[in-house]
Amino acid sequence: MSRGPAYSLVHNRGIIPSSLDGNSSRLPSDAGPPSPPDTGDLSVLGLAGITCLRHALARPLVWPYLWFWNRGLGEGRDVMLRLCTICARGGSRGLPDKNIRTLAGKPLIAHSILQAKASGLFDRVAVSSDSAVILETARTWGADVVVERPAVLASDTAGKLPAIRHAWLAVEAATGLSFDLLADLDCTSPLRRPDDIVGAVRLLEDSGAHNVITGVPAHRSPYFNLVEVTDGIAHLSKPLPTAILRRQDSPCCYDQNASIYVWSREPFLTEPFDFDATTRLYEMPRVGILDIDTEVDFAIMELLWQRQQDQHTETAP
C-alpha cells in the first residue's frame, strides 16, 4: 500500500499522532485490515469547514508550513526519512507458520505492522520474507513494501542482520528514497506498544547514537545469581571485589529482548552490527521480554495479550 501524495501530507510522521496522546500504551487490537484513506470526500468537514480550508490553502505560506511540520521541523527536528522493517521467515522448526498464526484475531505479523503504522513515524513499512503467503498477508494488513528474501538469507543458519540490510537496500531501490534510519520490529514480540517504538527512535535521534536496542530489567544478575561453570567449578559471571549480599544492591542489568532495533544509516549499511561504542538501550516494561518460539510461548502470549487488553479496558475513561 503505497501512500499517495495527499496521504503523505496528512499522515503525520514527525509528530506523535492523536492515537498516542493519552492512550499511548494501548495496543491497536481492534483494527482490521487497513483501507486506503479516502482523501476525496470532504463532506465530513461541513460547509463552514470546507470554506475555511479553501481560504487557508489559498495562502502561499500555508503549504510550505504544512510540509515542514509534517517532516518533523515543527518540533525542531531535521528532515529525516524513516524506514521500518519486519523480517519474517517462512520456515520455523519450533512453531511452524508462527508468523501468520492467529493471535487475538489477527495474523501474528499484523500486530507489528499495525504498531509501526500507529507510531506515525515511518515513511515506509516493509516486510521481508522468503514466504509468498507471509508477503501476501503483509500486503493485506498494510505493509507499504514487501521484499522477497533470497534463500541464502532465509536458512536456519542465516543471521538476521544481513536480511535487514538486504531489505533496507531493496526498499530504497524500489522506492527511489534514501532513508536516514531504520527500525526493525521482531515479528514474534507483539507486546510492544507504539510509544515504545517512538521512544526508541527518539532516543537514537536525540542522542546521536549509531543504534538503539531494547531491553527489560534482568531477572538474574551476573553480579549476584547468574553463574558460569569453568572446569567443573561454578562461579559468578561477573564477581565484584566486594561481594553483593542482596540482588537489589547489584549494578542494574538488562535482558535484551530484541523487540525493537534502531540504526542510523551509517555505519550500519557499510558493516551491520549489534553493538558499538555509541549503542543506547531503551527500557521496555518487563512483560516485553517474551517472544514466541514454541507452543508454550504462544499460549503464554495469548494469556498476556488478553490480560493487557483487559487492563486497558478497565482503566479506559
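Modeller: In this predicted model, a residue counts as buried when its relative accessible area is under 20%.

Biologist: Which residues of helix α6 are buried?

Modeller: They are Leu 161, Ala 163, Ile 164, Ala 167, Trp 168, Val 171 and Glu 172. Each is called buried because its relative accessible area is under 20%.

Biologist: What covers the buried residues of α6?

Modeller: The cover includes strands β1 (82-87), β4 (124-129), β5 (145-148), β6 and β11, together with helix α8 (265-268).

Biologist: How do you know that the span of α6 agrees with its number of residues?

Modeller: Helix α6, residues 160-175, has 16 residues, so at 1.5 Å a residue the expected span is 22 Å. Its end C-alpha atoms lie 23 Å apart, which agrees. After the helix comes Gly 176, with a positive phi near 75°.

Biologist: What makes strand β11 mostly covered?

Modeller: The strand runs over residues 260-264, and 5 of its 5 residues are buried. Ile 260, Val 262 and Ser 264 point one way, while Tyr 261 and Trp 263 point the other way.

Biologist: Why is β11 said to pair with β6?

Modeller: Pairing takes at least two bridges. Strand β6 (residues 181-186) and β11 have 5 bridges, so they pair, in the antiparallel sense. Within this pair, Leu 181 stands opposite Ser 264.

Biologist: And why is β7 said to pair with β11?

Modeller: Strand β7 (residues 211-217) is joined to β11 by 2 bridges, so the requirement of at least two is met. These strands run antiparallel, and Asn 211 has Trp 263 of β11 as its bridge partner.

Technical notes: Residues are numbered from 1 along each chain as its sequence is written. This is a predicted model: local features need pLDDT of at least 70, side-chain atom pairs count only at pLDDT 80 or more; totals for chains, interfaces and linings use all residues. Side-chain values use heavy atoms; hydrogens and water are left out. Buried means under 20% relative accessible area, exposed over 50%, partly exposed in between (1.4 Å probe, protein chains only). Helices (H or I, at least four residues) and strands (E, at least two) are DSSP runs, numbered from the N terminus. The expected span of a helix is 1.5 Å times one less than its number of residues. Contact means heavy atoms within 4.5 Å.
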